[in-house]
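Student: I should like to look closely at a single part of this protein and understand how it is placed among its surroundings. Could you please describe one strand, and then work outwards to the rest of the chain?

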Amino acid sequence: SDIYYRKAAFAAGYLAAIITPEYRIGYIDLVNQEFSGGFTSFSNGVTYYCGLCSPLYPPFIPYPVYVQLSSPYTSEKINAVVESLQTNKVTSVYIHPLLHSSELVQSLDNAGIVTISTNSLINHANWQTTITLSPDYSDTAVQLVTSLLSNDGPGELSPAVVVSVGNNVIGEGKMKHLMDI
């Protein structure tokens with residue numbers, strides 16, 4: 001649901017702010033597949049962690065940098081996205097959950113940009129430079145049982161977000177801090 005995607009985007013923004021030097025963060029959206037409030041939720045996560053984030057050296061632009069990729073994912077389009085991120089000195093990026101391109105992830109990895117996205121995309125990626133967000137289905141089961149036992153009925157369910165990451169990307173202390181939000 002859009003609610004889950006907004007939760008994931010917020011968590012991704014918060015996590016990106018924790019791990020990214022000088023908050024040089026990017027967001028890759030999928031043309032004509034934007035989910036409601038995705039970029040706003042991501043930006044709110046960044047701001048929630050760092051306030052008015054600003055880099056210490058140029059370029060002095062508002063972060064996170066927003067770029068879009070359209071289907072079909074050709075090498076030219078992917079190279080243009082990566083080049084735009086590199087021009088703006090982005091070092092970590094959140095990829096739209098419905099954007100599935102192993103070539104994009106590999107290109108970002110080759111450029112030294114840490115990627116944050118969902119399980120379905122990360123399956124193709126280098127686990128040492130990626131961060132995975134996935135739904136917490138045990139949380140969903142608790143929500144479902146609780147709603148079925150109430151008189152209100154099941155209603156809309158939105159699972160919590162689980163974060164999986166390699167130790168070389170984020171340390172144990174920062175991970176504990178992230179889990180507290």
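Tutor: Strands β1 and β3 pair in the parallel sense, and four bridges connect them. Please keep in mind throughout that this is a predicted model. To find the pairing in the structure, start at Gly26, whose bridge partner in β3 is Val93. β1 covers residues 25-30, and β3 covers residues 92-95.

β3 also has a pairing with β4, the strand of residues 114-118; this pairing is likewise parallel and has three bridges. Here a good starting point is Ser92, which stands opposite Val114 of β4. Between these two strands the chain passes through helix α4, residues 102-110, and the resulting β-α-β crossover is right-handed.

Now consider the side chains of β3. In a regular strand, side chains alternate between the two faces of the sheet. In β3, Ser92 and Tyr94 are on one side, while Val93 and Ile95 are on the other. Are these four residues buried or exposed? Each of them is buried, so both faces of β3 are covered, given that buried means under 20% relative accessible area.

Next, follow the chain back from β3 into the loop that joins α3 to β3. Two neighbouring residues of this loop deserve attention: Asn88 and Lys89. Asn88 has a relative accessibility of 17% and therefore counts as buried. Which residues does Asn88 touch, leaving aside those up to four places away in sequence? They are Arg24, Pro59, Ile61, Tyr63 and Val65. Lys89, by contrast, is partly exposed, because its relative accessible area is 42%. The backbone of Lys89 is also notable: phi is near 60°, which is a positive value in a residue other than glycine.

A similar backbone feature appears at Tyr23, in the loop between α1 (2-19) and β1. Tyr23 is not a glycine, yet its phi is positive, at about 60°. With a relative accessible area of 23%, Tyr23 is partly exposed.

One of the residues touched by Asn88, Tyr63, leads to another backbone feature. The peptide bond joining Tyr63 and Pro64 is cis, with omega about 5°. Pro64 is placed in the loop between α2 (38-50) and β2 (65-69). A further cis peptide bond runs from Ser71 to Pro72, and its omega is near 0°. Pro72 belongs to the loop that links β2 to α3, the helix of residues 75-87.

Finally, let us place β3 within the whole protein. The protein contains seven helices and six strands, and along the sequence they follow the pattern α-β-α-β-α-β-α-β-α-β-α-β-α. Of its 181 residues, 42% count as buried, and the four named residues of β3 are also buried. How much of the contact network joins residues at least 24 apart? Among contacts between residues at least 6 apart in sequence, the share is 67%. The accessible surface of the protein comes to about 9100 Å², and carbon and sulfur atoms account for 54% of that area.

Technical notes:
Residues numbered from 1 in each chain as written. Predicted model: local features only at pLDDT ≥ 70, side-chain atom pairs only at ≥ 80, totals over all residues. Heavy atoms only, no water. Buried < 20%, exposed > 50% of the residue type's maximum accessible area, 1.4 Å probe, protein only. Contact = heavy atoms within 4.5 Å. Areas by Shrake-Rupley, 256 points an atom, 1.4 Å probe, with all protein chains shown as cover. Pairing = 2+ DSSP bridges. Right-handed = clockwise from strand over helix to strand, strands pointing away.
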